[in-house]
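Reader: Could you take me through one part of this model up close? I'd like the hairpin and the core around it, plus whatever is worth a look at the last helix.

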Amino acid sequence: MAGEQLVELKFRLADGTDIGPNKYGPDTTVASPKEKILAHWPRDKENCPKTIQDVKLINAGKILENNKTLAESRLPVGELPEGKQPDDSPKKSICSCTIL
């Protein structure tokens, strides 16, 4: 893993609870952060996921597939998902994942 750029991810649940941040290599599959989320999910919450299939990670409006790597799932900075048109308002650079 020498020379690889680590990806730092932090996840926020719908109620505002944060999980992470944790660092992963770009060749890590999407399933690995999902396992970490599942292990650190607050047990006092309702509707706690049972398996990684119950956790959905979304980036740029797309649900990430468990067998894809983080590098394959990443949207390069400045690239827009299909169908999105840029507007002229200033935007902050934000990286986020939604857990459904």
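Author: Contact here means heavy atoms within 4.5 Å. This is a predicted model, so to speak: local features need pLDDT of at least 70, side-chain atom pairs count only at pLDDT 80 or more, and totals for chains, interfaces and linings use all residues. Residues are numbered from 1 along each chain as its sequence is written, and side-chain values use heavy atoms, with hydrogens and water left out.

Let's start with Ser73, which sits in helix H2 (residues 70–73); helices are DSSP runs of H or I with at least four residues, strands are E runs of at least two, and both are numbered from the N terminus. Ser73 counts as buried because its relative accessibility is 14%, where buried means under 20% relative accessible area, exposed over 50% and partly exposed in between (1.4 Å probe, protein chains only). Its side chain reaches the backbone oxygen of Thr69 at 2.9 Å. Leaving aside neighbours within four places in sequence, Ser73 is in contact with Val30, Asn59, Leu64 and Lys68.

Now the hairpin. Strands E1 (residues 7–12) and E2 (residues 18–24) run antiparallel and pair over five bridges; pairing takes at least two DSSP bridges. Val7 stands opposite Tyr24 in E2. Five residues lie between the strands, and Gly16 has a positive phi near 95 degrees in this hairpin.

As for the core, the largest nonpolar one has 14 residues, with Leu9, Phe11, Ile19, Ile37, Trp41 and Leu57 making the most contacts inside it. E1 and E2 are the elements giving it two or more residues, and E1 gives the most, with three. Such a core is a set of buried Ala, Val, Leu, Ile, Met, Phe, Trp, Tyr and Cys residues joined through side-chain atoms within 4.5 Å.

Key. Polar contact = N/O pair within 3.5 Å; in protein donor to acceptor, adjacent residues only side chain to side chain.
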